[in-house]
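Biologist: Before I plan anything at the bench, I would like to go through this model with you, one question at a time. Could you show it to me?

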Amino acid sequence: MLRRLVFPRLVDLVLVVLGVSVVAFLMIRLIPGDAVAIMLGANSEVTPQALSELRERIGLDQPFLVQYLRWAFAALHGDFGTSLWTGRPVAEEILANIWPTLELTFLALAIGAGCAVPFGCLMASRRGRGTDIALRIGTVLGLTIPSFWLGIVLILAASRLLPGFASLGYVPFAENPLGNLARMAMPAFALALPILAGLSRLIRSAMLDALGQDYIRTARAKGAPERVILYKHALRNALIPFVTYLGISAGYLLGGAIVVEEVFAIPGLGRLILGAISERNYPLVQASILMVTVGFVVLNFAIDVIYVVIDPRLRR
Amino acid sequence: MPVDLRCAAFIALATLVSAHGMSEKAIAQEATGAPLQLAIDSSPAGLDPHIVTAFNSVAIVSGTIYEGLTAIDKDLQVVPGLAESWSISPDGLIYTFKLRPGVTFHDGTPLAADDVVSSLRRVQSKEVASPLASRLVALSEALAVDPLDVELKLKEPSAPLLAALAGIAIVPRSMEANKEALQKTPIGTGPFKFEAWQPNGFILLSRNLHYREAGKPKLAGLKFNIVPEAATRAVGLESGQYELLPQVDAATALELKEKPGIKLSQTLELSDTVIGLNVARPPFADARVREAVNYALDRQAIIDAALFGAGVPAGPLSPVLKSWARPVADFPCYRHDPQKARALLEEAGIAKGTKLVLRVLASRQDIKDIAQVVQAELGEVGIGVELANEETGQFVQDWRNGNFDLFASANAGGVDPDEFLYRTFHTGGSTNVFRYSDATVDHDLEEARRLSDRTERKAIYDRLQMQLACSGPIVAIAYGTLFSAARAELKGYEIMANRSLVSLRDASLSP
Amino acid sequence: MKLPHDRVLTFATVLVAAEVALALFAPWVAPYDPLSQSIVARLKGPNAMHLLGTDQLGRDVLARILFGMRSTLLDCVLAVGFALSIGGAIGVAAAFLRGWFERLAMRVMDVIFAFPVMLLAIGIIAVLGPRATSSTIAIAIIYTPIFARLLRGPALVICEAEYVAAARAIGASPWAILIRHVLPNLASVILVQTSLALSSAILVEASLSFLGLGAQPPMPSLGLMLAEGRNFLALAPWSAVFAGFAILLIAFGFNLVGDALRDRLDPRLAKA
């Protein structure tokens, strides 16, 4: 029975990944000005003939369809090609940039989710009172502070308040755990803020929703302590939207932390892809976008499947 | 409250961590093995010295990892590099270079004449498609006479050759046919050797223990941290995390000037910001219209607004080239005179309200600001201009195809005037995207290239500058001031007009 | 309902109305032409002539902020409106028709949704060329799958409801069912989600123009003012600070409206 539920979703997943690969492939090629033109730069002194030779060598003279099929076939065999600029294998370049992103994503989600639960509970239990209103306005602010602005403000503030605080760039955790955490603290906080705000609002609504349900009334009528009602019954109602939100945020963070990565000089995936787009580094853009989106789709697929397993009501 | 507890615990953790981070940093500084920490704005596109042309890539590899036969000193004069001396035949067609003995590449192989020959061949080869190839057009053949003597045979005399050779890195002969290896793992003869490159993170170079000059370099290495945000670089320098920012914009320089423990150095730059005019299209085909643009612009106002006052107006050649450049007072059209501009436009029969498109290289803030002021000032005299801010890829394509009315961009100048003038203004020149063609200019450019006498060349370039300044296809706006900011502990670093970091060879860190 | 959170709604509505009015009437309210430069009066702090100071080219910061708000709001309303009509239509149609249409349409939406927001926007703008209309189109495309997914769920519930089944049974035409039963019941979801989407679209627009991919100089744009102003933050902070504050204020207003509306309109929340 599980197979009947999971299988169609798996087919959908493959279709979506296929669609994504086509879109990523076409998008980067539709951008005016190709890799060769950019590689040669504004002050180069190269003849049109040299240009077309270079184009030919990279394979840019082939029709899109041929280029796509070649690439897709190689990718299926685990070969994502080499970076047009550095000549290094694309997989190597992505690997070099993936750890900071994974770590930032994990920290931001952990901080966001960790602080959101108590905030959400507090807001739900004090609905309509001063604490609730203050926290709600606070969460709206958290959601609407532009992250690029927050990043710069944090850096300038830290330089005034903690002079000599080495907070920029990235060192691997294994090399220097404390230095790593010191450098990750501010960017993780900047990324966590909107997640924290969004999640606590979500928990609040889900709990309020539950508090209005009959089973809670029954529990109350039976004299269950308010704390048990709040944390055990009402909070559980928030579980599914909570996990969904986390899944979507994780996908967003995997490729979307561009501005924060720039401000804190962190060599992550967002900057890698942005740089690759502006250099028209086709193999790198294709592979990294594919990886980020596949990560996102698979993660959300897994979450979907888990729901179905946990909650029989979703098996329609 | 659980909320406060968790967040408070986190803040406590962060503070704790920061304290530790500091002490560790201090320890690292004590040890002599720490490299100099530099912060630069963007990743290089690659490290092959014959392929990359972007400023940031060149600055990382040139003079640090790689050296040429000749070198450029801080006064922009040609001095010996890997060649300790050279002689030129009386007809100017044969150059003989004597290499320094005992130079080795970073991989341990000794430098020999064959390496020089194969490096020059590599630049000229179709396979490598080096953008530097045009600097060697005059070269017909290079010969290794014996292990330390190289002979270059030219098709015609070429005055700029010695300066051009400074920009051509000598690489091991095994690389001649290899197009990929040097892009990621450079091997040269310079004072620093390549260690590691983390894309978007850093590039690490270490001291070359077998450098040809004993006792140099003094620095244990160079770590180029890639930090895109200017504010972040400035904060990192203040906190001591970075020790040298090779390039600082004028606004940040003003801010850092006041800070204790930071040393600011400056020089006028070799490259300039320009407005290009397409002479193949109607309004600017007329020389009077080009002259009118010059009168319409208030260069000092543009410098004040876009460069925070840090720069000087200048003609076709940078004032840094003291022995070549003419003072701007010589150019009548550099006077801000909208009246005159309107008169010239009327004379040329240009209708009021002409609509033109100005393509702007949008990757640079100073150029975007210059374009905005230029738009306003041209509007004053009745030339309506619409700005099209273009990302580098698009811009280069339009630029190369001559698809523009006007453009705003930057021009890299050369140490020898021929380098920039010939390719830009000669009919069919490789960067003559304006389709400018003038018989006397062509003749003068060819003549100046052939002459070896400096005074005779100077006379020709003086004439050319007069003609090109007012009616040429390029309206030179300003040569900006370059700033570097360093911790006071860094001694011996000197900023150079061509943005070269070669002086780090002689620099040291002393508290 | 006389609950304290009504005050939040009132406050938010007044805030948004004021912002919209300022933006709409910018040409009449602004003290100066936002494009007129005065190099001698550059980087002046707030003073009697220029209430919020001047920028690096001597343009009035207040005028530029008002016009920037105007263009931001206009672009975002257009983009979100487009996304709502296309995405919403797809979502509702999917719920109403089910079958292969639902599967196909929702998979297409999934493909778009799988891209990280900023990357997709950057890619689309790179293809179309950086200008205000490109960023509007990019935002519209980004929000289309979001609306499709958001509206499909509630639309499914409504389509399965007994009264819709009854209407079907008595032979009401599909259009009649849609217009009479489905859409009115979706109104509150649409209202809430549109104001929330507007709020986040404003931030996306600001980030895009911060990266130089939205409205182009010399046109006034809040994100761009922030981006340019951060280069001389220590010398003349006002243009960046006020522009950042303006972005925050409009995004905040719409978000608060959405939040308060949801609190009020959601029948399930109201019961507690």
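Modeller: This is a predicted model. One term is needed at the outset: a residue is buried if 20 or more other C-beta atoms lie within 10 Å of its own.

Biologist: By that cut-off, how many of the 35 residues of α8(A) are buried?

Modeller: Helix α8(A) covers residues 177–211 of chain A. It is largely enclosed by the rest of the structure, because its buried residues number 30 of the 35.

Biologist: What distance does α8 of chain A span between its end C-alpha atoms?

Modeller: At 1.5 Å a residue, a straight helix of 35 residues would span 51 Å. In α8(A) there is a kink of about 35° at Ala185(A), shortly before the proline Pro187(A). Between its end C-alpha atoms, α8 of chain A spans only 43 Å.

Biologist: Which element gives the largest share of the side of chain A that touches chain C?

Modeller: The contact takes 43 residues from chain A and 36 residues from chain C. Several elements of chain A give two or more residues to its side, including α1, α8 and α14. By class, that side of chain A has 29 nonpolar, 9 polar and 5 charged residues. The largest share, 8 residues, comes from α1(A).

Biologist: Where in chain C is confidence lowest?

Modeller: The model scores ipTM 0.85 and pTM 0.87, and chain C has a mean pLDDT of 89, with 96% of its residues at 70 or more. Where pLDDT is low, the predicted coordinates should not be read in detail. Within chain C, confidence is highest in helix α3 (residues 61–97), at 95, and lowest, at a mean of 64, in helix α11 (residues 267–270) of chain C.

Methods. Residues are numbered from 1 along each chain as its sequence is written. Chains are lettered from A and ligands numbered from 1 in the order in which they are written. This is a predicted model: local features need pLDDT of at least 70, side-chain atom pairs count only at pLDDT 80 or more; totals for chains, interfaces and linings use all residues. Helices (H or I, at least four residues) and strands (E, at least two) are DSSP runs, numbered from the N terminus. The expected span of a helix is 1.5 Å times one less than its number of residues. The bend at a residue is the angle between axes fitted to the seven residues ending there and the seven starting there. A residue is buried if 20 or more other C-beta atoms lie within 10 Å of its own, exposed if 12 or fewer, and partly exposed in between; C-beta atoms are placed from the backbone. Two residues are in contact if their C-beta atoms, placed from the backbone, lie within 7 Å. Ala, Val, Leu, Ile, Met, Phe, Trp, Tyr, Cys and Pro count as nonpolar, Asp, Glu, Lys and Arg as charged, and the others, Gly among them, as polar. pLDDT is the predictor's confidence in each residue, from 0 to 100.
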